[in-house]
Amino acid sequence: MRTIEHWIDGKPTAAESTRTAPVWNPATGQQQAEVLLAEPADVDTAVRSAQQAGLAWAQTSLSTRTKVLFAFRDLVSRHARELAETIADEHGKVVSDALGEVQRGLEVVEFACGIPQLLKGEYSDQVSTGVDVFSFREPLGVVAGITPFNFPVMVPMWMHPVAIACGNAFVLKPSERDPSASVIVARLWAEAGLPDGVFNVVHGDKTAVDAILDHDGVDAVSFVGSTPIARYIHERATMAGKRVQALGGAKNHAVVLPDADVDYVSDHLVAAAMGSAGERCMAISAAVTVGDGADEVVEAVAAKAAEVRVGPGRDDSSEMGPVITAAARDRITGLIATGEAQGARLAVDGRGLTVPGHDAGFWVGPTVLDQVTPEMDVYREEIFGPVLSVVRADTVDDAIALINANPYGNGTAIFTSSGSAARRFQRGVQVGMIGINVPIPVPMAYYSFGGWKDSLFGQSHIHGPEGVAFYTRAKVVTSRWPSVDHPAGASYHFPTTS
Ligand code: NAD
């Protein structure tokens, strides 16, 4: 059995870990490896290594840092397929989807390659006679990233390229369910010339996470995962005096107006709900049809959902893979049953799907539930599987009210050919990321990504300009160089200008 080790101080290591967790191949249902689970002593070793290496890295010139980032960018690009296949094997998503994830991560690396521009400070000349003021930003020190299973490359890359470009050292605690890609990324950082200790990977469960949250040597924590854990991380790490951004779960609605093209809408709704088996924080899980035409939309969506090709991620003909674990499969199928029992109509039922030759895989087929109402569990819970619930509303304002009553506020979309309806929607919804005829509106790397309400705890969205601000802190310098022209002379009132 292959054992997946930590990466500390520039090399793989078991450190003091003896506990392990299984790593499954979701398409076969077989265990393919075991991953070490760090003890607090291992976290301490990684953080100390990061502290030591971070001191020198923070003093390393911008041009040297940039060279490392460009080299890393090239290496990730060259190893994209290896990363994607590793993701497919452990997460289950299809390779083409995994390649897309690597590409979106790479775009954050490219953003971070421009760090000299992003770290430029401000300068005000002669604010008082002979006095100048300027500001610049410095790294925080050691930053930790704690990440979910569903994007094992992209989500950590929302964090570490920006943090490292800013001059920080990084300790990543990836999901223990698909940990291998993070070790490949660590190797690529080393090959790119990043000094040992600046990027570390510590695998683990709650024990490792708590050790990170409580460690004096960790200055900031970026978390992405489910809402209950995001809330917990935010509370515990802020209590420990750290800077925290904690991105949580989602229930993303797509509103369909009667003037939208049904063919376009149904194509995009099915792809956005079923892609990656619905295991995306930006997946569309609720479609809200407004006014007449709902039946036509449901019929088109159901027909297309039933045709999605489900199979192993490594099979090029698959459009959708398995879900992450047997427990996830059972939870999702249980929720579908509850939906039916609570009165929803099963337009497409993905339960009981089998894939020939992969009988023990963790399969759930595309599922469409119609006539869903806001009280039902399938509407209230984040299902995180290939299940689309269709809710009906009378007006666009009713649809907006429904979205705003939801505790989550990650992403949302509207399908319409009316500019004024779209504008009413974009201004009215209490959601961080909005798509207009774009069902999965993940912002480009040079914007920041983040939801509202229970989808984000803390002030900062991730990557983009807010990422740079999160991973740095400002200094403002007021300077005077006394000379013959402007002799120094102290006064006893509070400093003012002259
Ligand atoms: P999760 O919350 O179970 O796990 C996330 C991380 O927290 C993992 O590293 C895990 O080891 C750790 N963790 C789990 N339980 C813990 C505990 N009790 N104490 C301390 N640490 C713990 O999430 P997941 O199942 O891996 O990922 C799916 C969730 O992530 C979904 O809710 C999804 O919406 C969310 N997500 C959100 C975004 C976003 O940008 N908002 C992006 C991706 C995923």
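Let me start with the largest pocket, which is lined by 40 residues, and the ones that lie nearest its centre are Pro148, Arg177, Gly225, Ser226 and Ile229. Before going further I should say that this is a predicted model, and everything I describe this morning should be heard with that in mind.

The volume of this largest pocket comes to about 830 Å³. If we sort its lining by class, we find 21 nonpolar residues, together with ten polar and nine charged ones. Several elements each supply at least two residues of that lining, namely α6 (154-165), α8 (206-214), β11 (220-224), α9 (227-239) and α12 (326-341), and among the contributors α9 has the largest share, with five residues. As for where the pocket sits, domain 1 (2-248 + 455-477) and domain 2 (252-436) both give residues to its lining, so the largest pocket lies between them.

Now to the second largest pocket, which holds about 660 Å³ of space. It is lined by 30 residues, and those closest to its centre are Ala271, Ala272, Gly275, Arg280 and Ile440. Two or more lining residues come from each of α4 (95-113), α6 and α10 (262-274), with α10 giving the largest share, six residues. By class, the lining of the second largest pocket has 16 nonpolar, five polar and nine charged residues. Here again both domain 1 (2-248 + 455-477) and domain 2 (252-436) contribute to the lining, and therefore the second largest pocket also lies between them. For anyone following on the screen, α6 is a helix to keep in view, since it supplies at least two residues to the lining of the largest pocket and two or more to that of the second largest pocket.

Let me turn to the ligand, which is surrounded by 28 residues, the closest being Lys173, Glu176, Ser226, Gly248 and Glu382. Ser226 has come up already, as one of the residues that lie nearest the centre of the largest pocket. Which atoms of the ligand and of lysine 173 are 2.8 Å apart? They are an oxygen atom of the ligand and an N or O atom in the side chain of lysine 173. Two further contacts involve the backbone: a backbone N or O atom of glycine 225 lies 3.3 Å from an oxygen atom of the ligand, whereas at glycine 248 a polar backbone atom is 2.7 Å from a nitrogen atom of the ligand. In terms of area, the ligand taken alone exposes 840 Å², and the protein buries 89% of that.

Finally, the cavities, of which a search of the whole structure finds four of 30 Å³ or more. The largest cavity contains about 100 Å³ of space, and of the 15 residues that line it, the closest to its centre are Gly278, Arg280, Ala283, Ser285 and Phe384. Its lining divides into eight nonpolar, four polar and three charged residues. Arg280 is a residue we met earlier, being among those closest to the centre of the second largest pocket.

The second largest cavity has about 60 Å³ of space, and among the residues that line it are Trp7, Trp189, Leu194, Asp196 and Phe199. Helix α7 (residues 180-191) gives the most to this lining, with three residues, and the classes are eight nonpolar, two polar and one charged.

That is where I will stop, and I am happy to go back to any of these sites on the model.

Terms used: Residues numbered from 1 in each chain as written. Predicted model: local features only at pLDDT ≥ 70, side-chain atom pairs only at ≥ 80, totals over all residues. Heavy atoms only, no water. 1 Å grid on protein atoms, 1.4 Å probe; cavity = no way out; pocket = protein on both sides within 12 Å on 5 of 7 lines; lining within 4 Å. Points joined across faces, edges and corners; volume = space filled by probe spheres on them. Helix = DSSP H or I, 4+ residues; strand = E, 2+ residues; numbered from the N terminus. Nonpolar A, V, L, I, M, F, W, Y, C, P; charged D, E, K, R; others polar. Domains from an automatic or database assignment. Near = heavy atom within 4 Å. Polar contact = N/O pair within 3.5 Å; in protein donor to acceptor, adjacent residues only side chain to side chain. Areas by Shrake-Rupley, 256 points an atom, 1.4 Å probe, with all protein chains shown as cover.
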